[in-house]
Amino acid sequence: MSFRKYKVIDLLIFTGLYLLLEFLISLAATRWFPEQPYIVSLMLPFLLLVMMRWDKWAGILALLSAPFYVLIYGGAGTRYLVFLLGNVGFMALLAFLLPIGKKKVRDSIFLTLCYVLIGFLSLELFRGLGAMIFEHAGVEIIWTFIWTDMLSLVFSLVVIFIARIIDGIFEDQKAYCFRKYRERQEEQAAANSMEEQE
């Protein structure tokens with residue numbers, strides 16, 4: 001399988017998983033716990049994972065997840081623009097991730113924590129700006145977005161810190177494929193050496 005095909009399949013899998021799981025969570029939120037003031041969304045952890053795996057290609061999920069999220073929660077027309085702007089703002093996280101390096105972010109607990117927090121705050125800040133522009137909300141709307149999504153932040157931290165310990169999940173996929181290729185080559189060389197000694 002070519003690397004390009006692998007990337008397409010991986011992006012499709014993560015996008016499909018997000019859409020399915022977010023839909024199931026929305027059913028639980030709207031039918032079982034409709035009075036709950038907090039929202040648990042998988043948008044942030046999925047965006048964080050896909051950005052780590054494919055950097056700018058996370059923009060595909062960012063553009064698809066915003067309208068889908070608003071649609072399944074029955075938002076108004078301007079809410080689509082608010083969440084789209086939020087997700088576009090999230091993509092600014094690349095400015096933090098790429099100069100530092102994905103491996104450093106993945107290997108450091110502190111940098112992983114910063115990655116999640118900056119992603120969360122970028123999302124909420126730009127949603128707030130979107131609400132101020134398109135819905136004429138006051139600046140306090142930013143705090144409202146942060147407060148209502150606090151459970152999603154906690155959930156995202158749990159997901160990302162679990163993903164850190166699973167091989168290849170929270171890792172740049174080009175680096176991961178090269179690493180796996182080198183490991184296979186080393187294993188093959190070791191096996192060949194043992195055969196020669198026998």
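## Fold at a glance

Going along the sequence, the chain reads α-α-α-α-α-α-α-α-α-α. That's 10 helices and 0 strands for the secondary structure. Keep in mind that this is a predicted model.

For overall dimensions, the C-alpha trace spans about 75 × 35 × 25 Å along its principal axes. The chain has 198 residues, and buried ones make up 40% of them.

## A nonpolar patch

On the surface there's a nonpolar patch of about 740 Å². Its members are Met 1, Ile 9, Ile 13, Leu 17, Leu 20, Leu 21, Phe 23 and Leu 24.

Take Ile 13 as an example from that group: this residue sits in helix 1, which covers residues 3-32. Its relative accessible area is 47%, so Ile 13 counts as partly exposed. That value also clears the bar for patch membership, because patch residues need over 30% relative accessible area.

## The largest pocket

If you're looking for open space, the largest pocket has a volume of about 260 Å³. Its lining comes to 14 residues, and those closest to the pocket centre are Ile 39, Tyr 69, Arg 79, Phe 83 and Phe 145.

Which helices each supply at least two residues of that lining? They are helix 3 (58-72), helix 4 (77-90) and helix 8 (140-148). Helix 8 gives the most, with 4 residues.

## The enclosed cavity

Now for the closed-off space. With a threshold of 30 Å³ or more, the count is 1 cavity. The largest cavity holds about 70 Å³ of space. Around it you'll find Ser 41, Met 43, Leu 44, Tyr 69, Phe 120, Leu 123, Glu 124, Arg 127, Asp 149 and Ser 152. Helix 2 (43-54) and helix 7 (109-134) are the elements that give two or more residues to this lining. Helix 7 has the largest share, at 4 residues.

Tyr 69 turns up twice: it's among the residues closest to the centre of the largest pocket, and it also lines the largest cavity.

## Cysteines

How many disulfides does a search of the whole structure find? The answer is 0.

As for the cysteines themselves, Cys 114 has a relative accessible area of 19%, which means it is buried, as the cut-off is under 20%. Cys 177, at 25%, is partly exposed.

How values were computed:
Residues are numbered from 1 along each chain as its sequence is written. This is a predicted model: local features need pLDDT of at least 70, side-chain atom pairs count only at pLDDT 80 or more; totals for chains, interfaces and linings use all residues. Side-chain values use heavy atoms; hydrogens and water are left out. Patches are made of residues with over 30% relative accessible area and no salt bridge: like charges are joined within 9 Å, nonpolar side chains (Val, Leu, Ile, Met, Phe, Trp, Tyr) within 5 Å. Accessible areas come from the Shrake-Rupley method with a 1.4 Å probe; for residues, only the protein chains shown count as cover. A salt bridge is a side-chain nitrogen of Lys or Arg within 4 Å of a carboxyl oxygen of Asp or Glu. Buried means under 20% relative accessible area, exposed over 50%, partly exposed in between (1.4 Å probe, protein chains only). A disulfide is a pair of cysteine sulfur atoms within 2.5 Å. On a 1 Å grid over the protein atoms alone, a cavity is a set of points where a 1.4 Å probe fits but cannot get out, and a pocket is an open set with protein on both sides within 12 Å along at least five of seven lines; lining residues have an atom within 4 Å of a point. Grid points are joined across faces, edges and corners, and a volume is the space filled by probe spheres set on the points.
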